[in-house]
Structure formats: structure tokens, C-alpha cells
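Colleague: I should like to take a close look at a single part of this chain. Would you please describe one helix, what surrounds it, and what follows it?

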Amino acid sequence: MTVSDLFARSATSSTTIDTSGVRWIPPVRFQRFALIALDAALVASAFGVAILTRMALQGAGAAAISPEALAATAALAVLWLLALRINGAYSIRYLGAGADEYKRVINASAVSAGIFGIACFLLKYDYPRLTFALWIVAGVLLLWIARFVRRKIMQKLHLRGLLQTPVLVVGSGHHVDEAHVALRRAKWAGYKVVGAVTREQAQTTAKGLPVLGPFDDVAEIIKSRRIGTVIFTEGSFNSPSEFRRLAWQLEDHQVQMMVAPTMADVSAERLEFSPMSGLPLVSVARPRALKSLRWTKRATDVLGSAVLLILAAPVLLLTAIAVKLEDGGPVIFKQRRVGLKGEEFYCLKFRSMCIDAESKIAALQAQNEGAGVLFKMTNDPRITRVGKFIRRFSIDELPQLWNTLRGDMSLVGPRPALPSEVARYEEDTRRRLDVRPGLTGLWQVSGRSSLSWEDTVHLDLYYVDNWSFVRDLMILAKTAKAVLGSSGAY
């Protein structure tokens, strides 16, 4: 699990603080009360939607709701909210990232519906079945939508520096800095590192994070500076008893304690917590690069690329005509790229640059804005007028659907690299070649060309090691938004 993944799942704190750039955070009790009140309103609204839908479906033949049915309705509403509460739907730690909060809504709704159905059967009470089904479906959808909207609003506020949780990072200097960098990368999660505690004698860490005091004063630092979350990285404790004693000292304080393991770039799906005699063991499944090469992903690529080629045929034709009419040059630009296991192939694109673009790249190297081995320019003079448009909406990459159908590429995967780029890869970076390159990827839905080279490699390696079919579907769903918004494209 990456540090940013770990933090993204954690809670906002109830601590109130107005120093170090951290804004006021609503108390946990207030947040829970607000969530419960919102859910109560949504459950009531869902019942209204169910009644109106039933009336629309049955017309004049729809029977009125009897007093007994209204009483049963109130009982189910209370049972539903109670099930949400018991199932942890109002626990702040599960809000903010991942699918866990949505799963808890499903589980709580299923349990409450099941209990209500069993009760009606045992009591031989005939509750309107269509109303019941419509109510449950509408309720789940409204609860999901509310949580999605809340998440997006909180992320926007966090990105603007609002409602952030003050964080103290404890451990050895190197690991503290790694945690700090991960938190800065995941600014949307709402954590602001205000300082560190290390065992080294220093005023700051190597990356400039202020050291607030010695390890023996951790509890006092947390109390005096109103820390909301404390992260313990590698090197925090010399023995398990040290952690236990510190936990005792902080028992009566509203502070969340988190432990960042030494593992990096491991998704939650590959981890399984297995406590044994008080020892918190974590089982880590093997990397999933080989799973991404199985027939299921290949079959999806073939079917998906074939369907998309048919649907995109009018766009392909119009683009080909526009490119040809602009300067009379070739429509398709073929470029050698490196694919699975280092095998080279011709990557296809609509030509978006002038005919002699390759010969001009040497003269433009001084204006290179790309990081690492990439060459990028915001206003590349080689790009044609048609090229600017098709690049903005990634239309130039549509011919790569043919590469996907052939098996050179996949719908989702790391960016296909040039042989010259691969020649300068570090050893770890070559891990990107263990899967097929993708038409889209985790890098594209996370910023595209605006990402640094380090972030691009980090995202690609995370994708390779933690591949899953569900993650591919999520990336494909987010790609449309990234392309239509032309975010980071040039």
C-alpha cells in the first residue's frame, strides 16, 4: 500500500487548529450528526420518489398508503439509519477515498431490507412490494450520490487549503520525508504536515521539514500543537512496548494514530491483515503484472477496440481528410515504440505535426519542457492547425485502436515509450515493459502532460504491480473526462 493510499482512507480529525496554515475542522460529532441528518432526509426523499414512481407506473389504479403502511415505513426508515450507523457508514475514517463507504451503504441497505422483509413475513403483513423495491433502489442511489458529491466537495476544499488536518510524522529522517512527499502528492486527501519528530539530532529533515522536538516529547508535542493525526514511519520505535506506552498516553486525546509500513506502491487489494498472538502480520499478495497478460484482458482489448473503431469511423474519416487537406502530407504518422518485453512496433497516430518534424527536434531541445527522458513543449512550432485541435481532444491517438486490436497495445497500460527513452531507463523503470503499453493509462487520468517524469513512472509502476480488471474499468471511465476537459494535453 502506498503512503498516499493509506492516508486517502483515513479520517479528518476533530482537532481545531488555526496555526501553520491549517484551517478550522468541524468536530467529529458535528460531522457525524450532519451525515445522519442528511441520510435521514435522503431516505425520506427516496420514499417520496418511490411513491411518485409507483403512481406514474400504476396510474389511477395506485392504492393510497394506509396508516399501517406509514407506520411500517417509519420503522424501516429508522432500521435503515440504524443499520448504516452500525455498519460504520458514519465513521469518518471510511470517508474520502476508495469504495469502502459505498460498500457500507450497500451492506446496510441489504441488511435493513432483509430484516424488514423477514419481519413482514413472520407478522404476515403485506407491505406494498413495488413501493418497497423502488424505495430501496432510490435510497441506495441517493445515498451513493450524496457521498460522491460530499467527497468531491471536500477534495476541492482540501486542494484550496481548507479543512485540512494537521499531521505530525514520526520516524527516521528518510522515511519521514517519503511520507511528507506522498502527502503533498495527495493534497486532495486533506492532510497538512506541520512538522516531524526524528531520532536524529537536526533542526530540519533533509527535505526541509521542521523537527519539532525529540522522540521522548512526542506526546507533549501532539497535545501542545493540537495535532490531528500522527503518522509513525519506519524507525519510530525501538520496541513494541514503546508504541503501546505512547498509545496509553494519547488515549484521552482526539488524535488519530497511523502506521506507514515500509512497503511502497502496494494496493489495498493485495494486503490482508492477519493478527497472530498480538503480532500484526500483513500478508502481501504477489505483483499482478502476469495477470494483466491473461486472456480476459486481451479479450476485452479485442472486443473494446473493435467496437470503438466502428463507432469512431466517422471521426477517423473526417480527421484523415482534414490532415490531408492542410498540407498534402501523409495522414498517418508511424513511429517505432517499445512494447511488451521490449519488443518494438509501429505506433500509429494521425499526423499532427509538419512533415519534417523529426528533423527539427534537435534545434528545439533547448526549449524542452519535459522532465526525465520526455520531450514536451507547450507551444511546439511543429504542430499544425489541425494538429492542435486533434491533440487537444486526443483524436490523434485514435489509430492506436488498430494497434490494440493487433495486440501491440492494450486499451489501458503504461505510456508506449520511444526506443531512445527506453535506452535511458533506470533498472526499476524497465518494469513498465512487463505489460502491454496502453492507449490510456493511470498517468493520463492523473494529469497527462502536466505530470513530472517521476510521477509518470510512479503511476505506471503502481499500475503494473497492482493491475486489476476493475481498475482498468475505472481508468477507462475517467479517460473520457480527462480528454473532454483537455486536461494536461498539448
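Modeller: The account below follows helix H4 in a predicted model, beginning with one of its residues.

The chain as a whole contains 16 helices and 11 strands, and buried residues account for 47% of its 490 residues. Of the contacts between residues at least 6 apart in sequence, 72% join residues at least 24 apart.

Helix H4 covers residues 100-122, and Ser 109 belongs to it. The helix is made of 23 residues, and its first and last C-alpha atoms are 33 Å apart, close to the 33 Å expected at 1.5 Å a residue.

Is Ser 109 buried or exposed? Its relative accessible area is 2%; because buried means under 20%, Ser 109 is counted as buried. Leaving aside residues up to four places away in sequence, Ser 109 touches Trp 80, Val 140 and Leu 143. Trp 80 is one of the residues with which H3 meets H5, while Val 140 and Leu 143 are among the residues that H5 brings to its contact with H4.

Ser 109 is one of several buried residues in H4; the others are Glu 101, Tyr 102, Arg 104, Val 105, Ala 108, Ser 112, Ala 113, Phe 116 and Cys 120. The cover over these buried residues includes helix H3 (67-86) and H5.

Consider next how H4 lies against H5. In general, two packed helices are described by the angle between their axes and the distance between the axes. The axes of H4 and H5, the latter spanning residues 129-159, come within 10 Å and cross at roughly 160°. Because an angle over 145 degrees counts as roughly antiparallel, H4 is roughly antiparallel to H5. Their crossing is right-handed. From H4, the contact draws on Glu 101, Tyr 102, Val 105, Ile 106, Ser 109, Ala 113 and Phe 116. From H5 come Phe 132, Ile 136, Val 140, Leu 143, Trp 144, Arg 147, Phe 148 and Arg 151. Sorted by class, the contact of H4 with H5 comprises 11 nonpolar, 1 polar and 3 charged residues.

The other named helix in the cover, H3, also meets H5. The axes of H3 and H5 come within 13 Å, with a crossing angle of roughly 35°, and this crossing is right-handed. On the side of H3, Thr 73, Leu 76, Ala 77, Trp 80 and Leu 84 take part. On the side of H5, the partners are Phe 132, Trp 135, Ile 136, Gly 139, Val 140 and Leu 143. This contact of H3 with H5 has 9 nonpolar and 2 polar residues, with no charged ones.

Finally, what follows H4? Lys 124 is located in the loop between H4 and H5. Just after H4, this residue takes a positive phi of about 55°, a positive value in a residue other than glycine. Lys 124 has a relative accessibility of 78%, and therefore counts as exposed.

Elsewhere in the chain, Ser 394 also has a positive phi, of about 60°, although it is not a glycine. Ser 394 sits in the loop between helix H12 (385-392) and helix H13 (400-406). Its relative accessibility is 9%, so Ser 394 counts as buried.

Definitions and conventions: Residues numbered from 1 in each chain as written. Predicted model: local features only at pLDDT ≥ 70, side-chain atom pairs only at ≥ 80, totals over all residues. Heavy atoms only, no water. Helix = DSSP H or I, 4+ residues; strand = E, 2+ residues; numbered from the N terminus. Buried < 20%, exposed > 50% of the residue type's maximum accessible area, 1.4 Å probe, protein only. Contact = heavy atoms within 4.5 Å. Axes fitted to C-alpha atoms, helices over the stretch in contact; angles between N-to-C directions. Parallel < 35°, antiparallel > 145°, perpendicular 65-115°, else oblique. Left-handed = near helix turned anticlockwise from the far one by under 90°. Nonpolar A, V, L, I, M, F, W, Y, C, P; charged D, E, K, R; others polar. Expected span 1.5 Å × (residues − 1).
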